[in-house]
Amino acid sequence: VQLQASGGGLVQAGGSLRLSCAASGRTSSSGAMGWFRQAPGKEREFVAAIAWNAGSTLYASSVKGRFTIAKDNAKNTVYLQMNNLKPEDTAVYYCAAAKFLATTSHVYDDWGQGTQVTVSS
């Protein structure tokens, strides 16, 4: 599965951004899509995930209530709506595909190239 992430940018604290991740190739092998992020000097961390069929979702506690993950099966695209952004949300955001819904990165087989999100205070 090939993944193309987009939508990052610079925003002030309290603002919003929407990330997109378009999947192509053997998308039938993917059961779920996830978003992870990595800030400078920190390990990559789970943000949110969604199952393609059931639409079940998982969120990191740090983003619950502020971020929403959604999907468009017809477009093979997953979105991450990020509201009330904080400076600590600054990171490179990656989308990834897995066979099933999970929060751990090693489960995800395919990764997009990442998109930078910068939140100024």
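Visitor: What does contact mean here, and which residues is threonine 77 in contact with, leaving aside its neighbours within four places in sequence?
Guide: Contact means heavy atoms within 4.5 Å. The model is a predicted one. With neighbours within four places in sequence left aside, threonine 77 is in contact with Ser20, Cys21, Ala22, Trp52, Ala70, Lys71 and Asp72.

Visitor: Is threonine 77 buried or exposed, and what is its relative accessible area?
Guide: Threonine 77 has its place in strand β8, which spans residues 77-82. A residue counts as buried under 20% relative accessible area. Threonine 77 meets that cut-off and is therefore buried, its relative accessible area being 9%.

Visitor: Which backbone oxygen does the side chain of threonine 77 reach, and at what distance?
Guide: A polar contact requires a pair of N or O atoms within 3.5 Å. The side chain of threonine 77 reaches the backbone oxygen of lysine 75, at 2.9 Å.

Visitor: Which residue in β8 is the bridge partner of aspartate 72?
Guide: Strands β7 and β8 pair in the antiparallel sense, over 6 bridges. Aspartate 72 is also among the residues in contact with threonine 77. The bridge partner of aspartate 72 in β8 is threonine 77.

Visitor: Which strands stand at the edges of the open sheet, and why is one side of each left without a neighbour?
Guide: The open sheet is formed by 4 strands with antiparallel pairing, in the order β1-β3-β8-β7. Each edge strand has a single partner strand, so one side of it has no neighbour in the sheet. From one strand to the next, the twist averages 15 degrees. The strands at the edges are β1 (2-6) and β7 (67-72).

Visitor: How many disulfides does a search of the whole structure find, and which cysteines form a disulfide?
Guide: The search of the whole structure finds 1 disulfide. Sulfur atoms must lie within 2.5 Å to count as such a pair, and here they are 2.1 Å apart. The cysteines are cysteine 21 and cysteine 95.

Visitor: Where in the chain do cysteine 21 and cysteine 95 lie, and how many residues apart are they?
Guide: Both cysteine 21 and cysteine 95 are buried. The pair links distant parts of the chain, with cysteine 21 in strand β3 (residues 17-24) and cysteine 95 in strand β9 (residues 91-98). In sequence, the two are 74 residues apart.

Visitor: What is the handedness of the disulfide of cysteine 21 and cysteine 95?
Guide: The torsion about the S-S bond of this pair is about 65 degrees. The disulfide is therefore right-handed.

Visitor: Which strand supplies the largest share of the largest nonpolar core?
Guide: This core has 37 residues, and those with the most contacts inside it are Trp35, Leu80, Met82 and Tyr93. Strands that each supply at least two residues include β4 (32-38), β5 (45-51) and β11 (115-120). Methionine 82 touches Tyr93 as well as other residues, including Leu17, Leu19, Phe67 and Val117. The largest share, 6 residues, comes from β9.

Visitor: What is the phi of asparagine 76, and in which loop is asparagine 76 found?
Guide: Most residues other than glycine have a negative phi. Asparagine 76 counts as partly exposed because its relative accessibility is 26%. Its phi is positive, at about 50 degrees, and asparagine 76 is found in the loop between β7 and β8.

Visitor: Where does asparagine 84 lie, and what is its relative accessibility?
Guide: Asparagine 84 has a positive phi, near 50 degrees, in a residue other than glycine. Asparagine 84 lies in the loop between β8 and β9. Asparagine 84 counts as partly exposed, with a relative accessibility of 43%.

Note on methods: Residues are numbered from 1 along each chain as its sequence is written. This is a predicted model: local features need pLDDT of at least 70, side-chain atom pairs count only at pLDDT 80 or more; totals for chains, interfaces and linings use all residues. Side-chain values use heavy atoms; hydrogens and water are left out. Buried means under 20% relative accessible area, exposed over 50%, partly exposed in between (1.4 Å probe, protein chains only). A polar contact is a pair of N or O atoms within 3.5 Å; within protein, one must be able to donate a hydrogen and the other to accept it, and residues adjacent in sequence count only if both atoms are side-chain atoms. Two strands pair if DSSP finds at least two bridges between them. Axes are lines fitted to C-alpha atoms, for helices over the stretch in contact, and angles run from 0 to 180 degrees between N-to-C directions. A nonpolar core is a set of buried Ala, Val, Leu, Ile, Met, Phe, Trp, Tyr and Cys residues joined through side-chain atoms within 4.5 Å.
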